[in-house]
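Ready for a few warm-up exercises? Open the structure, try each task yourself, and then walk through the solution.

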Amino acid sequence: MNLLDKDIKAQLAQYLEMMEGDVLLKLSAGTDKVSNEMIALVDELASMSSHIKVEKAELERTPSFSVNRVGEETGVTFAGIPLGHEFTSLVLALLQVSGRAPRVDEKVIEQVKNLEGEYHFESYISLSCQNCPEVVQALNVMSVLNPNITHTMIDGAVFKEEVESKNVMAVPTVFLNGESFSSGRQSIEEILAKLGSGPDASEFENKEPFDVLVVGGGPAGASAAIYAARKGVRTGIVADRFGGQILDTATIENFISVNRTEGPKLAASLEEHVKDYKIDVMNLQTATGLEKKDMFEIELENGAVLKSKSVILSTGASWRNVGVPGEAEFRNKGVAYCPHCDGPLFEGKDIAVIGGGNSGIEAAIDLAGIVNHVTVLEFASELKADSVLQDRLNKLPNVTVIKNAQTKEITGTDSVNGITYIDRDTNEEHHIELSGVFVQIGLVPNTNWLENAVERNKFGEIIVDKFGATNVPGVFGAGDCTDSAYKQIIISMGSGATAALSAYDHIGKTE
């Protein structure tokens, strides 16, 4: 049995040549189909490199295998077959356990090594989840660097009973020492911050004022920072999470010159490009206020204050909430926002999709191939999705579309068990029993923190002119947080460049 096709095997062979020492794969397998596939995978790995040896073992879960240094338990385990989106996680684990240094900042490495206590992480993932690999790879790196840290990646599709017993209804979900730790995409820096090892306000006290300070690290922010830095001015980025919305985007097919890519890959490319320039990147920092004094001052959630001659606001947008009872209570307990990530956890079950636009209908089509039945709830009298998507939807036998449906409540006990809606034609109330609700009703700009600092429209979008300028001289806006006509990656990048060039001109004129 060969699990790796010719192209992947050729690619893998190149990576395995980079191994620096011997690695021992301890394999715990049974006679089931997944075990047989796992045996085939590790045997194939061993046949491709003299650095890889395989040994039978009894691990906590079967099927699973651990990746170890010879004579040492490294703490990296895969309970499931790490292919699909997790193929890179497997490759990196082999390289890092063999002795190849992880591509992580030295400061972060020291933070991991200095963690005291025992940390036993378990991450529940699905192989179709584009957000899971970052969490898996971060926890694997931590396990390699610190002998008191272990991590097991668990494929929810393989260990269904375990997933249900722990009520895991979203991926990635991480447990630490048997207790729920986090859910959703997280970088190694975010994990460290959650463990109490992140930067505090003191690390920002002695920063010199910036010429251009970009707030937001998505496509617009990255573009703005690069264009500003290329002008030779002191540039900084402060961001909740570098990459922004595209980190949660499965497939991108309209980024001109690139036929197809994935959001996390594009985000990684943006970050690498930004690092080519002398840009002070302050990741995992949330801006809470903007004030004009001698300079502009951006206050951060940790109490620090950053000063700059000009500011570019590129804080993007977030999933819009329905705002009904049960939505917040059952988030990640049946209420989900990413069909690609969480869809496999609802295999064979009944679910609903709220929203009849392109994102909602695309979600319904994808989910219909996994779940038992999909109910689409659309508030308006007609679906808003493109006709080509509606045609595909109408051909599916396990999808029901309900129009003029006003969602009233998402019900449940420990997790979602149904949804209640009102028929807007008759005012009659209806209840549907189901196990999950996917919310797909568009985006809302991340601008509430600005209060009255700049002018915004009734939707909360920052009002800008053709130069990206706001009503406050020296403050510019770019991307999905502004009143741009269309919310697209390529448009955001262009607006970021425009804002940066305008900021540079502003600095020249005021000085």
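**Exercise 1. Is Lys26 buried or exposed, and what is its relative accessible area?**

Before we start, two ground rules. This is a predicted model, where local features need pLDDT of at least 70, side-chain atom pairs count only at pLDDT 80 or more, and totals for chains, interfaces and linings use all residues. Residues are numbered from 1 along each chain as its sequence is written, and side-chain values use heavy atoms, with hydrogens and water left out.

Step 1. Get the scale right: buried means under 20% relative accessible area, exposed means over 50%, and partly exposed is in between (1.4 Å probe, protein chains only).

Step 2. Lys26 has a relative accessible area of 17%, so it is buried.

Step 3. Now look for a partner. The side chain of Lys26 meets that of Glu73 in a salt bridge, at 2.4 Å from N to O. The term stands for a side-chain nitrogen of Lys or Arg within 4 Å of a carboxyl oxygen of Asp or Glu.

Step 4. Place both ends: Glu73 sits in strand E4 (residues 72-79) and Lys26 in strand E1 (residues 23-28), 47 residues apart, and the pair links distant parts of the chain. Strands (E, at least two residues) and helices (H or I, at least four) are DSSP runs, numbered from the N terminus.

Step 5. Check the other end: Glu73 is exposed, at 53% relative accessibility.

**Exercise 2. Which residue forms a salt bridge with Glu44?**

Step 1. The partner is Lys9, and the closest N and O atoms are 3.2 Å apart.

Step 2. Glu44 belongs to helix H2 (residues 33-48) and Lys9 to helix H1 (residues 6-16), with their places 35 residues apart in the chain.

Step 3. Glu44 counts as buried at 5% relative accessibility, while Lys9 is partly exposed at 30%.

Step 4. Zoom out: the structure holds 22 salt bridges. Some residues are linked in a network of them, namely Glu60, Arg61, Glu122, Glu162 and Lys166.

**Exercise 3. Which parts of the chain does the pair Glu134 and Arg185 tie together?**

Step 1. Find the bridge: the side chains of Glu134 and Arg185 meet at 2.6 Å, N to O.

Step 2. Glu134 lies in helix H5 and Arg185 in the loop between strand E8 (179-183) and helix H7 (188-194), so the pair ties together parts that are 51 residues apart in sequence.

Step 3. Compare the ends: Glu134 is partly exposed at 24%, and Arg185 is buried at 15%.

Step 4. Arg185 also touches Gln130. Gln130 is found in the loop between strand E5 (119-125) and helix H5 (132-145), and at 4% relative accessibility it counts as buried.

Step 5. Other residues that Gln130 touches include His85, Leu247, Pro264 and Cys338. Contact here means heavy atoms within 4.5 Å.

**Exercise 4. Where does the largest nonpolar core lie, and why?**

Step 1. Sort out the domains, whose bounds come from an automatic or database domain assignment. The chain is divided into domain 1 (6-195), domain 2 (202-318 + 445-508) and domain 3 (335-439).

Step 2. Pin down the term: a nonpolar core is a set of buried Ala, Val, Leu, Ile, Met, Phe, Trp, Tyr and Cys residues joined through side-chain atoms within 4.5 Å.

Step 3. The largest core has 61 residues, and those with the most contacts inside it include Leu25, Phe65, Val67 and Val374. Helix H3 (residues 87-97) gives the most to this core, with seven residues.

Step 4. Domain 1 and domain 3 both give residues to this core, so it lies between them.

Step 5. Apart from this core lies another, of 32 residues, among them Val214, Val274, Phe476 and Ala503.

**Exercise 5. Where is Gly468, and what is it in contact with?**

Step 1. Gly468 lies in the loop between strand E24 (443-445) and strand E25 (475-477).

Step 2. Gly468 is buried, with a relative accessible area of 5%.

Step 3. Leaving aside neighbours within four places in sequence, Gly468 is in contact with Val475, Phe476, Gly477 and Thr498.

Step 4. Try one distance: the C-alpha atoms of Gly468 and Ser484 are separated by 9.7 Å, and the two are 16 residues apart along the chain.
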